[in-house]
Amino acid sequence: MNETCPVCNLRFERGPGYFTGAMYGSYMISLGLTLPVWMTMLLVGAPLGLTLAVGVGLVIALAPISFHLSRVAWLHVDCHFNPKAFEADL
């Protein structure tokens, strides 16, 4: 991840452990994206091993996307509730 935005010079890394909450968001995004697939597989009677393999494979494949989206969402939420912390960077 870049330390600052190349366009507006916004500092992304706000402090140690800043994106810890974004990990929970990443988990929720991955769960939301994979839940329909593995629930459908379970309902149609696919073997549990295959269902687990597909679910884990999807989570691994979607990890970079959900990781990025959760960090962006975390910054947006923080900027919404704490805008003064971002004014110094702009």
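**Reading helices, bends and a pocket**

Modeller: Leaving aside residues up to four places away in sequence, T34 touches G55, L58, V59 and L62. Please keep in mind that this is a predicted model.

Colleague: In which helix does T34 lie, and is T34 buried or exposed?

Modeller: T34 lies in helix α1. Burial is read from relative accessibility, and a residue under 20% is called buried. Because T34 has a relative accessibility of 3%, T34 counts as buried. A distance can be added to the contacts: T34 and V59 are 25 residues apart in sequence, while their C-alpha atoms are 7.0 Å apart in space.

Colleague: Which other residues of α1 are buried, and what covers them?

Modeller: The general idea is a matter of helical geometry. An α-helix has 3.6 residues a turn, so residues three or four places apart point the same way. In this structure, the buried residues of α1 are G21, A22, S26, S30, T34 and M41. Their cover includes helix α2, residues 48–81.

Colleague: How does one check the length of a helix, and what span should α1 have?

Modeller: One compares the span expected at 1.5 Å a residue with the distance between the end C-alpha atoms. Helix α1 has 24 residues, 20–43, and therefore should span 34 Å. The end C-alpha atoms of α1 are 34 Å apart, so the two values agree.

Colleague: Where does α1 bend, and what follows α1?

Modeller: A bend is reported at a residue, as an angle. In α1 the bend is about 40°, at T34, and a proline, P36, follows within four residues. The residue T34 that we met as buried is thus also the place of this bend. After α1 comes G45, whose phi is positive, near 90°.

Colleague: What does the length check give for α2?

Modeller: Here the two values do not agree. A straight helix of 34 residues would span 50 Å at 1.5 Å a residue, but α2 spans only 43 Å between its end C-alpha atoms.

Colleague: Where is the kink in α2?

Modeller: The kink, of about 50°, lies at A63, shortly before the proline P64. As A63 has a relative accessibility of 32%, A63 counts as partly exposed. The C-alpha atom of A63 is separated by 20 Å from that of E13, which is 50 residues away along the chain.

Colleague: Which residues of α2 are buried, and what covers them?

Modeller: The buried residues of α2 are T51, G55, L62, S66, S70, R71 and L75. Their cover includes α1 and α3, the latter being residues 84–87. Two of these residues, G55 and L62, are among those that T34 touches. For contrast, take A53, also in α2: at 48% relative accessibility, A53 counts as partly exposed. A53 and W38 are 15 residues apart in sequence, and their C-alpha atoms are 9.7 Å apart.

Colleague: Why does R71 count as buried, and which residues does R71 touch?

Modeller: R71 has its place in helix α2. R71 counts as buried because its relative accessibility is 18%, and the cut-off is 20%. Apart from residues up to four places away in sequence, R71 touches M1, E13, F19 and A22. Of these, A22 is one of the buried residues of α1.

Colleague: How is a pocket found, and what is the volume of the largest pocket?

Modeller: Rolling a probe the size of a water molecule over the atoms shows where empty space is left. In this structure, the largest pocket has a volume of about 270 Å³.

Colleague: How many residues line the largest pocket, and which helix gives the most to the lining?

Modeller: Twelve residues line the largest pocket, and M1, F12, R71, V72 and L75 lie nearest its centre. Helix α2 gives the most to the lining, with seven residues. By character, the lining residues comprise nine nonpolar, two polar and one charged. The residue R71 thus appears both among the buried residues of α2 and among the residues nearest the centre of the pocket.

How values were computed. Residues numbered from 1 in each chain as written. Predicted model: local features only at pLDDT ≥ 70, side-chain atom pairs only at ≥ 80, totals over all residues. Heavy atoms only, no water. Helix = DSSP H or I, 4+ residues; strand = E, 2+ residues; numbered from the N terminus. Expected span 1.5 Å × (residues − 1). Bend = angle between axes of the 7 residues up to and from the residue. Buried < 20%, exposed > 50% of the residue type's maximum accessible area, 1.4 Å probe, protein only. Contact = heavy atoms within 4.5 Å. 1 Å grid on protein atoms, 1.4 Å probe; cavity = no way out; pocket = protein on both sides within 12 Å on 5 of 7 lines; lining within 4 Å. Points joined across faces, edges and corners; volume = space filled by probe spheres on them. Nonpolar A, V, L, I, M, F, W, Y, C, P; charged D, E, K, R; others polar.
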